[in-house]
Amino acid sequence: MRQQKPVRVIAVTSGKGGVGKTNLSVNLGVALSKMGRRVALLDADMSLANVDILLGLSPQYNLSHVLQGEKTLDDIMLEGPAGLKVIPASSGVQKMAELSSIEQAGVIRAFSEMNQNLDVLIVDTAAGISSSVVNFARACQEIIVVVCDEPTSLTDAYAYIKLLNRDYGLNSFHIVANMVQSVQQGQQLFNKLSMVTDKYLDVSLRYTGGVPFDEYLRKAVQKQTPVLEAFPRSKSSLAIRNLALKIDGWPIKIQPGGYLEFFVERMIQYSSHEDAA
Ligand SMILES: Nc1ncnc2c1ncn2[C@@H]1O[C@H](COP(=O)(O)OP(=O)(O)O)[C@@H](O)[C@H]1O
Ligand SMILES: [Mg+2]
């Protein structure tokens with residue numbers, strides 16, 4: 001297999017819903033795009049159409065049309081702010097498991113062609129420990145677990161990390177604390193979580209940083225515009241830009257073969273195993 005340009009594939013995930021994954025995914029995507037990276041955002045939350053609502057987009061087609069061979073990836077991709085590309089996945093994700101091997105090869109090819117034009121793929125997942133969510137996280141190179149300061153958020157994050165570690169052997173996680181009241185509170189949240197994981201699990205957690213609770217982010221949601229666009233000088237925008245800078249500096253994991261190809265191959269492989277089980 002020929003060596004392709006590395007693409008970072010990052011899952012944004014959480015144990016609990018409503019912690020800010022979609023807002024973080026969208027705004028990180030915008031921030032990285034503004035830094036000159038070519039970024040696509042895969043909306044992999046099947047239960048709610050998330051990303052499109054936040055961006056005021058109305059997708060006509062989604063990944064399932066690509067899987068059925070009716071559309072190409074290019075056809076279904078939407079243009080978001082700052083050149084951010086949005087891939088609506090919707091029910092396409094579940095259909096991955098049902099593909100014939102020829103269809104699988106088609107999807108893998110579709111993604112690997114995109115490989116040339118992309119630096120980062122952000123995967124916005126649903127919350128929780130359902131297998132389809134977990135499969136997404138497992139298929140990505142980097143996993144960001146979003147937590148916030150609610151007792152259930154931390155326990156759910158712990159349960160989620162434990163599952164990914166014990167059942168799937170993943171041992172490296174990035175943590176973002178969202179809706180924090182202060183820099184210290186974010187750091188404390190991380191410390192609390194890593195104290196428990198250090199004690200009971202063999203995993204390494206790294207703190208990417210915190211995003212403050214910000215009314216401007218809520219206003220931006222109402223305007224269906226990423227906060228980075230609507231209120232670029234707000235404190236949440238500033239924090240998310242810092243996260244993007246940090247993420248951009250993560251060492252890239254070099255692997256043989258196509259990056260996106262590998263991601264899609266794993267997605268298909270994991271979802272088919274589930275069917276067999
Ligand atoms: N930093 C923040 N400050 C204030 N409110 C926030 C922040 N992040 C998220 N929210 C609120 O939480 C809601 C849920 O966020 P969302 O990104 O949809 O979460 P998830 O994708 O995890 O379900 C948003 O609509 C917004 O009102
Ligand atoms: Mg969401």
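Contact here means heavy atoms within 4.5 Å. With that settled, here are the views, all taken from a predicted model.

**Figure 1. The whole chain has 13 helices and eight strands.** Of the 277 residues in the protein chain, 56% are buried. If you look at contacts between residues at least 6 apart in sequence, 80% of them join residues at least 24 apart. The eight strands make up one open sheet with mixed pairing, and the order across it is S3-S4-S2-S5-S1-S6-S7-S8. Strand S3 (78-79) and strand S8 (204-212) sit at the edges, each pairing on one side only.

**Figure 2. Helix H1 meets helix H12.** H1 covers residues 21-34 and H12 covers residues 235-248; their axes come within 9 Å and cross at roughly 70°. That angle is why H1 counts as roughly perpendicular to H12. As for handedness, the crossing of H1 and H12 is right-handed. On the H1 side the residues to pick out are Leu24, Asn27, Leu28, Ala31 and Leu32, and they meet Ile240, Arg241, Leu243, Ala244, Ile247 and Asp248 of H12. Sorted by class, the residues of this H1 and H12 contact come out as eight nonpolar, one polar and two charged.

**Figure 3. Strand S1 pairs with S5 and with S6.** S1 (residues 8-13) and S5 (residues 120-124) run in the parallel sense, with five bridges between them. Ala11 of S1 has Val123 as its bridge partner in S5, and Arg8 stands opposite Val120 in S5. The pairing of S1 with S6 is parallel too, over four bridges. Here Ala11 turns up again, standing opposite Ile143 in S6.

**Figure 4. The two faces of S1.** How many residues of S1 are buried? Six of its six are, so to speak a mostly covered strand. In a regular strand the side chains alternate between the two faces of the sheet. In S1, Arg8, Ile10 and Val12 are on one side, while Val9, Ala11 and Thr13 are on the other, and all are buried. Both faces of S1 are covered, then.

**Figure 5. Strand S2 pairs with S5 and with S4.** S2 and S5 run parallel and are joined by five bridges. Leu42 of S2 has Val123 as its bridge partner in S5; Val123 is also the S5 bridge partner of Ala11. S2 also pairs with strand S4 (residues 85-88) in the parallel sense, this time over four bridges. Asp43 stands opposite Pro88 in S4. S2 is mostly covered, with five of its five residues buried. Val39, Leu41 and Asp43 are buried on one side, and Ala40 and Leu42 are buried on the other.

**Figure 6. Helices H1 and H8 on the sheet.** Back to the pairing of S1 and S5, parallel over five bridges. H1 packs on the sheet and touches S1, strand S2 (39-43), S5, strand S6 (142-148), strand S7 (172-180) and S8. The direction of H1 makes about 165° with that of S5. Helix H8 (residues 151-168) packs on the sheet as well, touching S1, S6, S7 and S8. For H8 the angle is about 160°, taken with the direction of S6.

**Figure 7. Helix H8 meets helix H9.** The axes of H8 and H9 (residues 183-200) come within 11 Å and cross at roughly 40°. The crossing of H8 and H9 is right-handed. From H8, the contact takes in Leu154, Ala157, Tyr158, Ile161 and Arg166; from H9, Leu189, Lys192, Leu193, Val196, Thr197 and Tyr200. By class, the contact of H8 with H9 has eight nonpolar residues, one polar and two charged.

**Figure 8. Ser271 in helix H13.** Ser271 has its place in H13 (residues 259-276). Is Ser271 buried or exposed? Ser271 has a relative accessible area of 8%, so it counts as buried, the cut-off being under 20%. Asn135 is 136 residues away from Ser271 in sequence, yet the two are 7.0 Å apart in space, C-alpha to C-alpha.

Conventions:
Residues numbered from 1 in each chain as written. Chains lettered and ligands numbered in written order. Heavy atoms only, no water. Axes fitted to C-alpha atoms, helices over the stretch in contact; angles between N-to-C directions. Parallel < 35°, antiparallel > 145°, perpendicular 65-115°, else oblique. Left-handed = near helix turned anticlockwise from the far one by under 90°. Nonpolar A, V, L, I, M, F, W, Y, C, P; charged D, E, K, R; others polar. Pairing = 2+ DSSP bridges. Buried < 20%, exposed > 50% of the residue type's maximum accessible area, 1.4 Å probe, protein only.
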